[in-house]
Amino acid sequence: MYVGRFVVVGPDIAAYRVSSRSFPNRKVVENDGTLAVVPTTETDPENPYVSYNCLRTTEDGSAAVVANGTHTDPITEKLDLGYPARDALAESLLALDYEKDDYDTPRIAGVVGEEGAYVGIVRKDALLVEAVEEPTLVATYEKDAPEPYALEAENAEDAAREVYEADFEHAVCAAAAAPTDDGFERARYNGDAE
């Protein structure tokens with residue numbers, strides 16, 4: 001099954017995977033503590049959806065954000081300003097809306113932190129933001145409403161690899177974060193592109 005990009009967020013983990021039929025030549029890189037999706041080959045410079053920050057942590061290390069586009073940054077910035085996670089997700093997703101591409105691709109995001117874990121999606125027909133008590137998946141296609149997901153990983157490195165190897169088609173790269181005693185550990189997994 002092809003579900004496109006997806007996030008899995010649980011009480012102590014946040015993970016994101018790029019799955020793509022159209023732009024498979026991408027990887028996750030670290031850029032000053034932020035994880036970003038970037039092309040491995042020259043791509044269409046007119047496509048604004050190929051490169052973006054996919055994982056950021058707040059300045060005080062109290063929360064991590066995973067997302068499939070440029071909304072990663074405003075969600076994190078709102079958290080830094082003191083917004084509750086639910087509001088930071090809802091306002092940012094609503095403001096940026098779904099992607100205006102050929103597929104009306106939803107924007108998805110998740111937050112894990114001291115105040116709990118949340119997932120969100122904005123589709124052409126809905127905006128959903130939910131608090132989650134167990135690992136929960138939301139994807140851009142097919143599974144575009146939050147649903148429980150059996151994530152076994154307990155740290156960022158294992159989570160990035162586990163979502164990359166999940167039984168969904170066209171895996172490209174993955175990123176994950178998990179809380180530690182002094183903030184968040186971050187990890188990336190690029191499969192064959194490592």
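Is Arg-56 buried or exposed? I began with this residue in the predicted model, and I find that Arg-56 counts as buried, because its relative accessibility is 17% and the cut-off for buried is under 20%.

**Entry 1: Arg-56 and its strand**

I placed Arg-56 in strand S5, and then I looked for what its side chain meets. The side chain of Arg-56 makes a polar contact with the side chain of Asp-73, at 2.9 Å. Leaving out residues up to four places away in sequence, I listed the residues that Arg-56 touches as Thr-34, Ala-63, Ala-64, Val-65, Thr-72, Asp-73, Thr-76 and Glu-77. I noted for the strand itself that S5 is mostly covered, with five of its six residues buried.

I then followed S5 to its partners on either hand. S4 and S5 run antiparallel and are joined by three bridges, and in this pair Ala-36 stands opposite Asn-53 of S5. S5 and S6 also run antiparallel, with three bridges between them, and here I found Leu-55 opposite Val-66 of S6. S5 and S6 form a hairpin with five residues between them, and in the turn Gly-61 has a positive phi of about 75°.

I also looked at the loop between S4 and S5, where Thr-41 lies. Thr-41 counts as partly exposed, because its relative accessibility is 39%. Its C-alpha is 6.2 Å from that of Asn-25, although Thr-41 and Asn-25 are 16 residues apart in sequence.

**Entry 2: the seven-stranded sheet**

I traced the sheet that holds S5 and read its order as S3-S4-S5-S6-S7-S8-S9, an open sheet of seven strands with antiparallel pairing. Strand S3 (26–31) and strand S9 (127–132) stand at the edges with a single partner strand each, so one side of each has no neighbour in the sheet. From one strand to the next, the twist averages 15°.

Further along I checked S7 and S8, which run antiparallel and are joined by seven bridges; within S8, Gly-120 is the residue that stands opposite Ala-109.

Two helices lie across strands of this sheet, and I recorded each with its angle. Helix H1 (residues 72–80) lies across S5, S6 and S7 and runs at about 20° to S5. Helix H2 (residues 85–96) lies across S7, S8 and S9 and runs at about 15° to S8.

**Entry 3: the six-stranded sheet**

I turned next to an open sheet of six strands, in the order S11-S10-S1-S2-S12-S13, where the pairing is antiparallel. Its edge strands are S11 (147–148) and S13 (183–189), each of which pairs on one side only. I found that helix H3 (residues 156–164) packs on this sheet, where it touches strand S1 (6–10), S2, S12 and S13, and that its direction makes about 150° with that of S12.

For the pair S2 (residues 13–19) and S12 (residues 171–180), I noted an antiparallel run and six bridges. Tyr-16 has Ala-175 of S12 as its bridge partner.

**Entry 4: the nonpolar cores**

Which residues of the largest nonpolar core touch the most other members? I found them to be Val-9, Tyr-16 and Cys-54, in a core of 25 residues. At least two residues of this core come from each of S1, S2, S4 (34–39), S5 (52–57), S6 (63–67), S7 (107–113), S8 (116–122) and S12. The contribution of S12, at four residues, is the most that goes to this core. Another core lies apart from it and has 22 residues, among them Val-3, Tyr-149, Ala-160 and Phe-168.

I looked at Cys-54 more closely and, setting aside neighbours within four places in sequence, found contacts that include Tyr-16, Leu-35, Val-37, Val-66, Thr-72 and Ala-175.

**Entry 5: the cysteines**

I searched for disulfides and found zero in the structure. For Cys-54, the nearest cysteine sulfur is that of Cys-173, 6.9 Å away. Why is there no bond from the sulfur of Cys-173 to that of Cys-54? The two sulfurs are too far apart for a bond, at 6.9 Å, because a disulfide needs the sulfur atoms within 2.5 Å. I noted last that Cys-54 counts as buried, at 0% relative accessibility, and that Cys-173 is buried, with a relative accessible area of 0%.

Methods. Residues numbered from 1 in each chain as written. Predicted model: local features only at pLDDT ≥ 70, side-chain atom pairs only at ≥ 80, totals over all residues. Heavy atoms only, no water. Pairing = 2+ DSSP bridges. Contact = heavy atoms within 4.5 Å. Axes fitted to C-alpha atoms, helices over the stretch in contact; angles between N-to-C directions. Buried < 20%, exposed > 50% of the residue type's maximum accessible area, 1.4 Å probe, protein only. Core = buried A, V, L, I, M, F, W, Y, C linked by side-chain atoms within 4.5 Å. Polar contact = N/O pair within 3.5 Å; in protein donor to acceptor, adjacent residues only side chain to side chain.
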